[in-house]
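Got the viewer open? Here's a short tour, one selection at a time, with a note on what to look for at each stop.

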Amino acid sequence: MADENRGSFRSEETGISFSDGKMKSFEAPSSPSGTGQTSSAPASVYLDATDDTEEEKAAREKIKKDKMSPKDKKTVTVLAALDGIVFAVIGIYLLLTGAGDPYGNIKNGNNFDAEKDYYDVSTVFEGELTPLIADVGFPSGIQDKFKSIYSENTDTVGWIKIGDTSIDFPVVQADDNAYYERKNFYGEYDRRGSIWLDRRCKVGKGTNSLSKNTILYGHNLTQDECIFKDVTKYRDLGYYKAHPVVEFDTIYNDCKWKVFACFVTAADAKYDGGNLFYYIDPSIPDSMTEAFASECLTRSYFVNPTVDIVSTDKLLCLSTCIYDFDTATEYTNSRCVLMARLVRSGESDSVDVSSAYANENRRMPQVYYDRKGIQNPFASMPVFTR
């Protein structure tokens, strides 16, 4: 859905992409201007400041200060204090209003509200629509509630929300799986990136048009709570019990999904004995759905017998980075994966979690056993393939 002229985005850090089933290296950009050109030139030097030593700078500041009258010094002190207060107030305002959040305008404004009606251009006076919405050609069958945010970004394919978590974001899709890795919904650089749908996956009218395995990617950065950070919390049984349902609405259909597994896996074969579990397969055959789900459950931190999987079920996969196996000298390319299945037609979307239990004997990637210095009891067992 993305513009074909968009280039492959290069990550601010050197890393590996596992988002389309291929290992792709990203070179760190050396030009802050965004030109993409490499340069070994040193940082810019102001020629008129090359003779200034720290002592000379300090001496000049002292002269300026000594020349100030007591009244001037008092005025400067008061103004500095007022500046501090102003910046503090602005910071608090941005925090409370969500203005500091690139998605705050969408969440808190009038761009996306499931209870608010949006009408086709043909049903209202043109003057009642913003020029942006009036100029957008909407895909046939798009839900009215998505028209506003779709008009802001036609890469929009849906919205994901998990109640009482930080996950509450629009979902986008581009022709290149790397495009939104470091861009927000508005296409602006943001190290936190967006939540994006695998380029190979499909959404359309009716849930039957969904890919067999709908795959969503989002970052988990250690520095802050962002995007898919809460996916990793499903490793705790209590957290799963409190959040057993995912809402992922496409622009065509409202959908709820019952979570059935959360596991950790390697995204590089060398960290799993040379055998990767290829969980990002969007087109698993019906005949292999149950076997795929069984592999997920073998690895899952929890098991809930009340959420069954049948061959015709549609699956949802949320994938993010995890750093459990990293050391001071080595980054381990690993993922935390949350799996859910679509609530079936006529089925209640409530989940009985009373019989869910922690899976203490789950399968982990080989690096887990290597770090602990213990034998891998699953080493001789095959990994799901199709």
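The stops below go from the whole chain to strands, then to rings, and end in a loop.

**The whole thing**

Before you select anything, keep in mind that this is a predicted model. Colour by secondary structure and you should find eight helices and twelve strands. Switch to a surface and you're looking at about 20500 Å² of accessible area, with 52% of that area belonging to carbon and sulfur atoms. How much of the protein is buried? Of the 386 residues, 43% are. For the contacts with a separation of 6 or more, 67% are between residues 24 or more positions apart.

**Stop 1: strand S6**

Select residues 213-217, which make up strand S6. Five of the five residues here are buried, so the strand counts as mostly covered. Side chains in a regular strand alternate between the two faces of the sheet. Show them for S6: Asn-213, Ile-215 and Tyr-217 sit on one side, with Thr-214 and Leu-216 on the other. Are those faces covered or open? Both are covered.

Now bring in the neighbours. Add residues 195-197, strand S5, which pairs with S6 in the antiparallel sense over two bridges. Then add 315-322, strand S10: this one pairs with S6 in the parallel sense, over five bridges. Leu-216 is a handy residue to centre on. Leu-197 stands opposite Leu-216, and in S10 the bridge partner of Leu-216 is Leu-318.

**Stop 2: strand S3 and its two partners**

Next, select 156-161. That's strand S3, mostly covered, with five of its six residues buried. Add 168-172 to see strand S4, which runs antiparallel to S3 and is joined to it by five bridges. One bridge to pick out links Lys-161 with Asp-168 in S4. Follow the chain through the hairpin and you'll pass six residues between the strands. Among them, click on Asp-164: its phi is positive, near 60°.

Strand S7, residues 245-250, is another partner of S3, antiparallel and with four bridges. Look for Gly-158, whose bridge partner in S7 is Thr-250.

Stay on Thr-250 for a moment. Is Thr-250 buried or exposed? Thr-250 counts as buried because its relative accessibility is 0%. What does Thr-250 touch? Leaving aside residues up to four places away in sequence, the neighbours are Gln-143, Phe-146, Val-157, Gly-158, Val-203 and Leu-210. Gly-158 is thus both a bridge partner and a contact of Thr-250.

**Stop 3: aromatic rings**

Show every Phe, Tyr and Trp side chain. For a pair of aromatic rings, check the distance of the centres and the angle of the planes. With centres within 6.5 Å as the cut-off, the count comes to 15 aromatic pairs. Zoom in on Tyr-179 and Tyr-180, an edge-to-face pair with 4.8 Å centre to centre and 90° between the planes. Tyr-179 is buried, at 9% relative accessible area, and Tyr-180 is buried too, at 2%.

Now jump to Tyr-323 and Tyr-331. Why is this pair called tilted? The planes lie at 45°, so the pair is tilted, and the ring centres are 6.4 Å apart. Both tyrosines are partly exposed: Tyr-323 has 26% relative accessibility and Tyr-331 has 38%.

Next, select Phe-263, Phe-277, Tyr-279, Phe-292 and Phe-384 together; these five form one aromatic cluster.

**Stop 4: lysines over rings**

Go back to Tyr-179 and add Lys-183, which lies over the face of that ring at 4.4 Å from the ring centre. For another example, select Lys-147 with Phe-138: the lysine again lies over the ring face, here at 5.6 Å from the centre.

**Last stop: Ser-350**

Finish at Ser-350, in the loop between strand S11 (334-342) and strand S12 (357-358). Turn on side chains and you'll see a polar contact of 2.8 Å joining Ser-350 to Ser-348. Then select Lys-256. Ser-350 and Lys-256 are 94 residues apart in sequence, yet their C-alpha atoms are 9.8 Å apart in space.

Methods. Residues numbered from 1 in each chain as written. Predicted model: local features only at pLDDT ≥ 70, side-chain atom pairs only at ≥ 80, totals over all residues. Heavy atoms only, no water. Buried < 20%, exposed > 50% of the residue type's maximum accessible area, 1.4 Å probe, protein only. Pairing = 2+ DSSP bridges. Contact = heavy atoms within 4.5 Å. Areas by Shrake-Rupley, 256 points an atom, 1.4 Å probe, with all protein chains shown as cover. Phe/Tyr/Trp six-rings, centres within 6.5 Å; stacked < 30°, edge-to-face > 60°. Lys NZ or Arg CZ within 6 Å of the ring centre and 35° of its normal. Polar contact = N/O pair within 3.5 Å; in protein donor to acceptor, adjacent residues only side chain to side chain.
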